[in-house]
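Visitor: I would like a close look at a single part of this model. Please take one strand and follow what surrounds it.

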Amino acid sequence: MAKLNDLQTRCKPNWCPGCGNFAIQTALKNALVNLNLEPHKVCLVTGIGCGSKMTFWINTYGFNSIHGRLLPPATAIKLSNPELTVIGVGGDGDGYGIGMGHFIHAMRRNLDILYIVQNNQIYGLTKGQASPTSDKGSKSKSTPFGVIEIPVNPLALALSANATYISRGFAGELDHLTKLIEDGIKHKGFALLDVFQPCVTFNKVNTYEYFNERVKKLEDDSNYDPTNKSLAFEKCLDINENEIPIGLFYKEQRPTYSEEEVGLKDGPIVNHDISNINIQPLMDSFT
Ligand code: SF4
């Protein structure tokens, strides 16, 4: 039986008091316990950023990669051992900036992983520069006259890249976020969970108060059908400053990359019997 205490490491998070990452970490731990996932059955893969330090503060297997590159090692880990629950965790700058190429390809491959993006609409670790999801016009250290570009819309991108589970949470809605994480883990295929994570130190616009006044759960709308792709597209593109939908935007089922990859037809690579394989001819071919 998985317990919260088992997920505790000896180190304590050093995020700023009030940072939205505390709630994301709590929700993730709660979800692992609720799903009875023992620490050795889970691998957390992170990038670089405030939130990516989570690898050190949750006692599962972990891999802290380089900036924007968490999805390639997450892919390798999942393909080597599909029995592991692989969860990627990184920020918006990490995933939607330098990591954008990996993001698109992981989704179209339908790798069976959950990708949680801590979306605080700013670069927090480097002390407050505009990120790919910063609102147009928002001022930051790197944009003193306001951001000129249109922000990345991760949900619409995910839908067009054929991700099979697309959701959005808010760090101020712990139970709702926990449920989205649980469902994302249970989903067979690529699950994106974009989470509004207030950066209390550098983002003075997209605050808890800002989101509390605007978030609305999709589950409360009985007319919304998350299996209807056209409707999901409309919802993803509906940027309304007064109402921000959170919840499950879209879900479909199709074979995962592991299920279609012929190299895995005999089961996970970690379980293959390699005692009779002679690699000498291959080595000789390099001389
Ligand atoms: Fe959190 Fe922002 Fe502080 Fe980083 S800088 S720990 S994102 S509040």
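Which strand do 3 bridges join to β7, and do the two run parallel or antiparallel?

Guide: The model is a predicted one. In it, β7 is joined by 3 bridges to strand β8, which covers residues 244–251, and the two strands run parallel. Within this pairing, Lys216 stands opposite Pro245 of β8.

Now place the pair in its sheet. The sheet is open and has 8 strands, in the order β2-β1-β3-β4-β6-β5-β8-β7. Its pairing is mixed. On average, neighbouring strands are turned by 20 degrees against each other, direction ignored. β7, residues 215–217, stands at an edge, as does β2, residues 61–64. Each of these has a single partner strand, so one side of each is left without a neighbour in the sheet.

Next, consider a side chain of β7. Lys217 forms a salt bridge with Glu173, and the closest N and O atoms are 3.2 Å apart. This contact links distant parts of the chain: Lys217 belongs to strand β7, while Glu173 sits in the loop between β5 (165–170) and α6 (174–186), 44 residues apart. How exposed are the two partners? Lys217 counts as partly exposed because its relative accessibility is 28%, a value between the limits of 20% and 50%. Glu173 has 23% relative accessibility, so Glu173 also counts as partly exposed.

The loop holding Glu173 leads to α6, and that helix has a salt bridge of its own. Asp183 pairs there with Lys186, with the closest N and O atoms 3.8 Å apart. Both residues lie in α6, 3 residues apart, which is about one turn of the helix. Lys186 is exposed, because its relative accessible area is 54%.

These contacts belong to a longer list, since a search of the whole structure finds 8 salt bridges. Another one of them joins Lys265 to Asp266, where the closest N and O atoms are 3.7 Å apart. Both of these residues are exposed. Elsewhere, Lys78, Asp112 and Lys188 are joined into one network by salt bridges that share partners.

For contrast, look at the ligand. The residues around the ligand include Trp15, Cys16, Asn120, Gln197 and Phe202. By class, this shell has 7 nonpolar and 4 polar residues, and no charged ones.

Conventions. Residues are numbered from 1 along each chain as its sequence is written. This is a predicted model: local features need pLDDT of at least 70, side-chain atom pairs count only at pLDDT 80 or more; totals for chains, interfaces and linings use all residues. Side-chain values use heavy atoms; hydrogens and water are left out. Two strands pair if DSSP finds at least two bridges between them. Helices (H or I, at least four residues) and strands (E, at least two) are DSSP runs, numbered from the N terminus. Axes are lines fitted to C-alpha atoms, for helices over the stretch in contact, and angles run from 0 to 180 degrees between N-to-C directions. A residue is near a molecule or strand if one of its heavy atoms lies within 4 Å of it. Ala, Val, Leu, Ile, Met, Phe, Trp, Tyr, Cys and Pro count as nonpolar, Asp, Glu, Lys and Arg as charged, and the others, Gly among them, as polar. A salt bridge is a side-chain nitrogen of Lys or Arg within 4 Å of a carboxyl oxygen of Asp or Glu. Buried means under 20% relative accessible area, exposed over 50%, partly exposed in between (1.4 Å probe, protein chains only).
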